[in-house]
Amino acid sequence: MSHVATNGVSAPPQPKIPIYEASTQYRNWRFSAERLAQTRATLNEAAVGVIRNTIELDEPGSAQHVSFLTPDEEHLLVKLYVTKITQLCGLFRFPEEVEATAVTYLKRFYLKNTVMDWHPKNVMLTALFLATKTTNNPIALETYTTHIPRTAPSDVLDLEFLVAQSLGFEFAVWHAHRALWGIWLDIQSLPGYSENLQPSLYDTALNHVRASRLTDAELMYTPSQIALAAFSLTLPEVADHWAATKIPNQQSALANIIADIKYLITSRGHPPNVESVREVDRRLKLCKNPEKVVGSKAYLARKQDVERVAEVKRNKKANEIQKAIEDGDPFGNELSQTHRLLVDYDDDDDDED
């Protein structure tokens with residue numbers, strides 16, 4: 001297709017944008033390490049301020065004795081529940097796509113919310129259940145909750161809209177394990193390599209991709225970069241040769257990126273220390289937002305405020321309907337105006353007979 005400018009001269013063709021760069025993931029869910037830290041710090045600071053004020057209103061002077069969580073401690077707790085997703089996926093035998101998607105949802109949720117407002121346990125359960133639906137691997141809610149101890153259907157459903165809203169209703173996720181499979185197939189076409197590629201090598205690389213889910217890699221790098229780093233940890237020479245054949249002009253820059261991802265996977269791609277997380281969770285019980293603690297004064301006050309606002313809206317709607325009925329126009333002015341514009345389809349020809 002030719003590109004013609006307004007002056008009649010052919011304009012140069014526009015470069016094609018890679019499909020990934022047109023995705024919501026590329027536009028809305030990629031960050032630098034600095035921006036990630038800033039985002040978490042800002043959320044944490046705002047939450048601490050609100051919770052401190054709420055605690056003071058509930059019991060003046062008590063907030064000064066509360067040890068609030070730091071952004072790193074919040075992140076540590078979320079990381080633990082990433083590992084819980086893996087365990088549940090093994091229990092239900094969910095495919096790789098469900099696990100990877102649920103992990104992404106959990107991470108993204110806590111870029112909009114804090115654990116002091118919403119505990120990761122129920123958010124994790126909701127994220128996983130939502131992932132089964134968005135990846136077309138649905139499971140009945142009753143079946144899902146029945147197999148998870150101390151879990152009721154309401155624990156999942158009560159947060160489903162909040163999780164979806166926090167994701168911006170952007171459910172499609174581009175995953176590194178898919179990119180790894182593509183690289184694996186492509187490498188087999190390279191001369192001299194196909195006979196040396198044992199299936200166990202792919203499994204090793206896939207385990208590195210899985211380890212990357214315990215890091216912030218997917219929030220900072222593209223799926224293909226993470227996949228290549230995972231393969232480089234398994235077969236560095238083969239990975240370098242493949243990259244040289246695909247993007248020969250970007251070898252230096254790509255090598256630096258891959259090195260950073262490899263360091264991230266090897267240094268942080270492991271489950272957190274359970275004792276450290278247990279201490280964080282213990283403190284969370286003392287600094288959790290009182291408005292989210294069922295039965296607390298702040299919770300009951302907040303509930304009353306919500307109910308009062310809802311009642312005002314209902315009364316306003318009822319008054320509007322009542323007024324319309326009293327005016328003899330229960331369907332509103334718009335329908336009346338439309339009625340006057342309707343065509344009269346009465347056949348007048350019958351009157352001429």
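In this predicted model, glutamate 97 has a relative accessible area of 16%, and because the cut-off for a buried residue is under 20%, glutamate 97 counts as buried. Its salt-bridge partner is arginine 178, with the closest N and O atoms 2.8 Å apart. The bridge connects distant parts of the chain, since glutamate 97 belongs to helix α4 and arginine 178 to helix α8, 81 residues apart. Unlike glutamate 97, which is buried, arginine 178 is exposed, at a relative accessible area of 53%.

**Salt bridges**

The structure has 11 salt bridges in total. Three of them are listed here, with the separation given between N and O atoms.

| Pair | N to O distance | Separation in sequence |
|---|---|---|
| Glutamate 97 and arginine 178 | 2.8 Å | 81 residues |
| Aspartate 216 and arginine 40 | 2.9 Å | 176 residues |
| Lysine 133 and glutamate 160 | 2.4 Å | 27 residues |

Aspartate 216 and arginine 40 form a salt bridge. The pair links distant parts of the chain, with aspartate 216 in the loop between α9 and α10 and arginine 40 in helix α2. Both aspartate 216 and arginine 40 are buried.

Lysine 133 and glutamate 160 also meet in a salt bridge. Lysine 133 is in helix α5 and glutamate 160 in helix α7, so the pair ties together parts that are 27 residues apart in sequence. Lysine 133 is partly exposed, with a relative accessible area of 41%, while glutamate 160 is buried at 17%. In addition, Glu96, Glu99, Arg210 and Arg213 are joined into one network by salt bridges that share partners.

Glutamate 74, in helix α3 (residues 71-92), is a buried charge without a salt bridge. The nearest side chain of opposite charge is that of arginine 40, 8.6 Å away; a salt bridge would need a nitrogen within 4 Å of a carboxyl oxygen. Leaving aside residues up to four places away in sequence, glutamate 74 touches Asn44, Leu69, Thr114, Val115 and Met116.

**Nonpolar cores**

Met116 is also among the residues with the most contacts inside the largest nonpolar core, together with Phe68, Ile85, Leu106, Leu128 and Tyr144. This core has 50 residues. Two or more residues come from each of α2 (33-58), α3, α4 (96-109), α5 (120-134), α6 (141-146), α7 (153-166) and α14 (274-287). Helix α3 gives the most, with 9 residues.

Phenylalanine 68 touches Val48, Ile51, Arg52, Ile55, Ala63, Glu73, Met116, Arg283 and Cys287, again not counting residues up to four places away in sequence. Apart from the largest core lies another, of 37 residues, which includes Leu180, Trp184, Ile226 and Ala243. In general, nonpolar side chains of soluble globular proteins tend to be buried together.

**Helix α11**

Ile226 is one of the buried residues of α11. The helix covers residues 223-234, and its 12 residues, at 1.5 Å a residue, should span 16 Å; the end C-alpha atoms are 17 Å apart, which agrees. Of the 12 residues, 10 are buried, so the helix is mostly covered. These are Pro223, Gln225, Ile226, Ala227, Leu228, Ala229, Ala230, Phe231, Ser232 and Thr234. They pack against α1 (24-28), α8 (176-187), α9 (199-212), α10 (217-220), α12 (236-246) and α13 (251-268).

**Loop residues**

Most residues other than glycine have a negative phi. Arginine 93, in the loop between α3 and α4, has a positive phi near 60 degrees. Its relative accessibility is 76%, which makes arginine 93 exposed. Phenylalanine 169, in the loop between α7 and α8, likewise has a positive phi, near 55 degrees. Phenylalanine 169 is partly exposed, with a relative accessible area of 45%.

Histidine 65 sits in the loop between α2 and α3 and counts as exposed at 67% relative accessibility. Its C-alpha atom is 9.9 Å from that of cysteine 287, although the two residues are 222 residues apart along the chain.

**Whole chain**

The chain contains 16 helices and 0 strands. Of its 353 residues, 39% count as buried. Among contacts with a separation of 6 or more, 75% involve residues 24 or more positions apart. The exposed area is about 21300 Å², of which carbon and sulfur atoms supply 54%.

Definitions and conventions. Residues numbered from 1 in each chain as written. Predicted model: local features only at pLDDT ≥ 70, side-chain atom pairs only at ≥ 80, totals over all residues. Heavy atoms only, no water. Helix = DSSP H or I, 4+ residues; strand = E, 2+ residues; numbered from the N terminus. Buried < 20%, exposed > 50% of the residue type's maximum accessible area, 1.4 Å probe, protein only. Lys, Arg positive; Asp, Glu negative; His and termini not counted. Contact = heavy atoms within 4.5 Å. Core = buried A, V, L, I, M, F, W, Y, C linked by side-chain atoms within 4.5 Å. Expected span 1.5 Å × (residues − 1). Areas by Shrake-Rupley, 256 points an atom, 1.4 Å probe, with all protein chains shown as cover.
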